[in-house]
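Visitor: Could you take me through one strand in this structure, looking closely at what surrounds it?

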Amino acid sequence: MADDTQRPIVRRRKKVAAGGGHGGAWKIAYADFVTAMMAFFLLMWLLGSTTQGDLQGISEYFKNPMKVSMSGGSGAGDATSVIKGGGTDLSRSGGQVRKGETPPAAKKVLDLEAARRKLSEEEAQRLRDLKGQLEALIESSPSLKQFRRQLLLDITSEGLRIQIIDEQNRPMFASGRAELQAYTRVILREIATVLNGVGNRVGLSGHTDATPYGGGEKGYSNWELSADRANASRREMIAGGLAEGKVLRVVGLASSVPFDKSDPAGAANRRISIIVLNKQTEEAITREGSTTVDVSKDGLDVQQLDRPPAQKP
């Protein structure tokens, strides 16, 4: 029997293959790389789409989060969050304007101005159409055609002005009084019928010549006479169908605004002006506060005047 101590010792080592090209370690590394790239691009997108004010707020938040959270402000967090911050959502698009795009606020201003211009143009066209309608009425109406030389129509800064002037042998009123002649009543009623169909309000002004009234300026003068004649015309137009609410202004201007400046005492200076007011003039008249309307001439001048001091009771 042989001695066991003489046998050679054989060591067997198990060789483990590394898997070669079919291993999975590289996939894990690649997934980590893709995740890191996605996070990087997401961070770059957030930085590029966030406004400068929000970036500063975020910076302040990381420097002193408690202060920003308590005081709020841009970058403090979404105010709708359960944990109340004070800022806005970082994903919001407010305040970001694409290059070449008009900001929303500027668009509203431009649209408002354009709308005002459009309304003004439409109103001016309506007044021109009304002028043409009245001119056609004067030519077609037997009762008005004979007075066409005494009916003057024009467009002023206030609106459409219709002037009914005196002729030497055909006055509108009795001499020195506010009593309307029969044909003047016909003219006023015909005009009232047309004006009642438009949405604009009207103003009336009475004018006299420069011949002083018998009582002088201290008594019943051209000022009172012109105002009385304007009111008499208003009453006649209302009797002819004009709605009372359409009359906004009735004034007497005496001889302060002559029609024929070369002849202050001429018959043409005695007239009634009916003005279909445009919206701008109407707003100027009805505006409250210290705004007043200077009616020293047919065109309106809106001036800011100091209010008179309140009187003691």
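Guide: Happily, and let's start with a partner: G206 of strand β3 has G252 as its bridge partner in β4. This is a predicted model, in which local features need pLDDT of at least 70 and side-chain atom pairs count only at pLDDT 80 or more, while totals for chains, interfaces and linings use all residues. Residues are numbered from 1 along each chain as its sequence is written, and side-chain values use heavy atoms, leaving out hydrogens and water.

Strands here are DSSP E runs of at least two residues, and helices are H or I runs of at least four, both numbered from the N terminus. Two strands pair if DSSP finds at least two bridges between them. β3 (residues 202–207) runs parallel to β4 (residues 247–252) over 5 bridges, and V202 has V247 as its partner there. With β5 (residues 271–277), β3 pairs in the antiparallel sense over 6 bridges; on that side V202 stands opposite V276.

Stepping back, β3 belongs to an open sheet of 5 strands with mixed pairing, in the order β1-β2-β5-β3-β4. The edges are β1 (151–155) and β4, each pairing on one side only. Helix α6 (residues 182–195) packs on this sheet and touches β1, β2 (159–165), β3 and β5, contact being heavy atoms within 4.5 Å.

As for cover, 6 of the 6 residues of β3 are buried, meaning under 20% relative accessible area (exposed is over 50%, partly exposed in between; 1.4 Å probe, protein chains only). That holds for both faces: V202, L204 and G206 on one side, G203, S205 and H207 on the other.

How values were computed: Axes are lines fitted to C-alpha atoms, for helices over the stretch in contact, and angles run from 0 to 180 degrees between N-to-C directions.
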